[in-house]
Amino acid sequence: MRQEQNDLVTRVGPGTACGALLRSYWQPAALVDEFDPVLDPRMAGRPVKAVRLFGMDLVLFRTAGGWGLLDRACPHRGADLAFGRAEADGLRCPFHGWKFDAAGACLETPAEPQGSRLCERIRQRSYPVLERSGVLFAWLGEEDTAPPPFPEFDCFVAPATHSFAFKGLWHANWLQAFEVGIDPAHPSFLHRYLQDEPLENIGENAAGKQFRSASAGAVEGEQWPMTRIMREFPRPEISFETKPWGLQLTSLRPMTAELTHVRVTNAVFPATFVIPLSETLTITQMHVPVDDTHTYWYSFFTSFAGPLDREAMRGQRRQFIDLPDYVPRSGRHNAWGFDPKEQLARTYLGMGEEDINLHDQWAVESMGPIQDRTREHLDTTDKVIMANRRMLIKAIDGVKAGATAPGVADPAQGDAMLGPDTVDGVAPAGEWQQWWVRQAQAKRAAAPWLARKLSRAEPA
Ligand code: FES
Ligand SMILES: [Fe+2]
């Protein structure tokens with residue numbers, strides 16, 4: 001990739017072409033949990049939080065009627081509204097008392113003479129906010145244009161009992177974060193355990209045990225952990241299909257003449273992947289730029305079977321990630337916890353067995369704040385990454401020329417935003433296609449909340 005192209009796809013601040021494309025999509029701005037006084041005592045009585053997105057400084061706050069997201073600099077003389085006074089109907093600047101509602105309307109300028117109508121001429125830039133599956137989404141597109149419909153993906157329609165959201169900060173550019181996630185070859189290496197653990201030791205919700213879970217289907221009557229398949233069959237045959245939301249990825253790992261491992265995942269354009277965590281649990285992970293060199297990932301865990309123990313899932317992750325800013329304890333400052341002895345004896349990477357998210361963090365951050373793509377050498381396993389970059393550059397150019405951003409941001413595609421389905425399993429080699437579709441259908445049919453949703457949609 002040429003330097004100009006790398007700059008084009010990685011720079012997302014105000015006025016950039018890639019930033020304009022990404023702002024066409026609903027973007028995660030905060031977890032609802034960040035406003036829970038139990039998790040962050042500063043929120044007791046004052047639900048106000050500074051947030052940074054796409055190199056812009058904003059303030060997010062809760063009012064009696066909902067959520068507000070405003071530019072941080074007060075339109076009077078620029079003081080910082082993140083220090084504002086929280087009131088039931090808005091946020092008040094402590095400098096001279098100007099008050100704004102969630103839509104950015106100026107409600108009061110209390111130092112002005114009685115009868116002043118200054119307020120009517122003042123508006124602070126505000127951004128629409130939606131709450132979905134425990135996350136507050138912001139729409140940062142052009143003022144006075146309408147946001148696209150919110151996609152009806154499974155992770156966003158699952159009820160609170162069956163979903164859990166968490167996030168974490170990575171010190172690197174958004175695109176390399178996403179490109180690690182959509183790489184189907186890396187689990188065979190980066191996440192490899194040199195020994196297996198008995199499947200009965202793996203709890204459904206165990207943090208970071210992603211590839212310890214069983215793959216669906218059986219080999220000679222025995223279920224295999226995903227990690228054993230990944231380790232013993234490290235050369236996936238990767239293919240992809242274009243879908244309304246982006247790319248559906250298929251990785252085949254032929255095991256015997258009769259059996260093949262099949263893993264189906266999704267790259268939802270521009271920065272979300274959907275992968276199976278177990279037979280009944282998926283992870284949808286979004287990557288949102290804080291600025292060019294910092295990215296928050298937001299993970300949505302969605303259960304297609306029983307309810308999730310959110311308290312336990314949060315507790316497990318808090319062992320590795322510190323609130324209130326969701327900063328991982330390990331990182332470049334401690335060499336990501338690297339242990340050379342572990343690398344010799346237990347794992348391929350040497351950064352622990354409990355938190356596989358840290359493995360991905362190392363891959364993303366060790367490339368540097370912005371990966372120098374002029375020096376890379378892509379191989380055959382990178383075909384998805386290449387396809388995604390082609391889509392990205394085309395979409396940047398399209399939006400620059402006035403076209404609608406593709407996929408989830410295109411209102412014409414709204415009805416096509418279903419699923420997307422995933423699988424990880426051992427299938428009969430000759431009919432893996434039918435096998436995985438049946439598998440996905442059975443998973444959806446068994447989801448209590450999905451069945452209800454489908455029956456509601458039936459004509460009366
Ligand atoms: S700077 Fe905010 S009210 Fe004056
Ligand atoms: Fe990974």
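Modeller: Quick ground rule before we start: helices are DSSP runs of H or I with at least four residues, strands are runs of E with at least two, and both are numbered from the N terminus. This is a predicted model, where local features need pLDDT of at least 70 and side-chain atom pairs pLDDT 80 or more, while totals for chains, interfaces and linings use all residues. Residues are numbered from 1 along each chain as written, chains are lettered from A and ligands numbered from 1 in written order, and side-chain values use heavy atoms, without hydrogens or water.

Biologist: Let's do the backbone, then. Which residue has a positive phi of about 50° although it is not a glycine?

Modeller: Most residues other than glycine have a negative phi, and most peptide bonds are trans. Here, A335 goes against that habit, with a positive phi of about 50°. You'll find A335 in the loop between β19 and α7 (340-345). A335 is partly exposed, with a relative accessible area of 39%; that label covers what falls between buried (under 20%) and exposed (over 50%), using a 1.4 Å probe and protein chains only.

Biologist: And Y326: what is its phi near, and does it count as buried or partly exposed?

Modeller: Y326 isn't a glycine either, and its phi is near 60°, a positive value. It sits in the loop between β18 and β19. At 1% relative accessibility, Y326 counts as buried.

Biologist: While I'm in that loop, which residue does a cis peptide bond join to L323?

Modeller: That would be P324, with omega about 5°. P324 is found in the loop between β18 (321-322) and β19 (327-328). Another cis bond runs from F269 to P270, where omega is near 5°. P270 lies in the loop between β14 (259-268) and β15 (272-276).

Biologist: On to charges. How many salt bridges does a search of the whole structure find?

Modeller: Side chains of opposite charge can pair when their charged atoms come close. The cut-off is a side-chain nitrogen of Lys or Arg within 4 Å of a carboxyl oxygen of Asp or Glu. The search finds 29 salt bridges in the whole structure. One of them pairs R72 with D80 at 2.5 Å, N to O, and D80 is partly exposed, at 25% relative accessible area.

Biologist: What about R125 and E143: how many residues apart in sequence are the parts that this pair ties together?

Modeller: Start with the contact itself: the two side chains meet in a salt bridge at 3.8 Å, N to O. R125 is in the loop between β8 (106-108) and β9 (129-132), and E143 is in the loop between β10 (135-138) and α3 (154-157), so the bridge ties together parts 18 residues apart in sequence. R125 counts as buried, at 19% relative accessibility, whereas E143 is partly exposed, at 41%.

Biologist: And where does R444 find its partner, D421?

Modeller: Their side chains meet in a salt bridge at 3.3 Å, N to O. R444 belongs to helix α10 (residues 432-446) and D421 to the loop between α9 and β20 (423-428), which makes this a link between distant parts of the chain, 23 residues apart. R444 is buried, with a relative accessible area of 19%, and D421 counts as partly exposed, at 22%. Elsewhere, E87, D89, R92, K99 and E108 are joined into one network by salt bridges that share partners.

Biologist: Now the empty space. How many cavities of 30 Å³ or more does the structure hold?

Modeller: On a 1 Å grid over the protein atoms alone, a 1.4 Å probe fits in a cavity but cannot get out, while a pocket is open, with protein on both sides within 12 Å along at least five of seven lines; lining residues have an atom within 4 Å of a point. Volume is the space filled by probe spheres on those points, which are joined across faces, edges and corners. The structure holds 3 cavities of 30 Å³ or more. The second largest has about 170 Å³ of space.

Biologist: Which residues lie nearest the centre of that second largest cavity?

Modeller: W26, V268, T272, M286 and V408, out of 17 that line it. Strand β16 (residues 281-291) gives the largest share of that lining, 3 residues. The lining has 13 nonpolar, 4 polar and no charged residues, with Ala, Val, Leu, Ile, Met, Phe, Trp, Tyr, Cys and Pro as nonpolar, Asp, Glu, Lys and Arg as charged, and the others, Gly among them, as polar.

Biologist: And how much space lies in the largest pocket?

Modeller: About 510 Å³. V180, D183, M367, D382 and I385 are the closest to its centre, of 21 lining residues. The elements giving two or more residues to this lining are α4, α8 (356-365) and α9 (383-400), and α4 gives the most, with 3. By class, the pocket's lining divides into 9 nonpolar, 6 polar and 6 charged residues.
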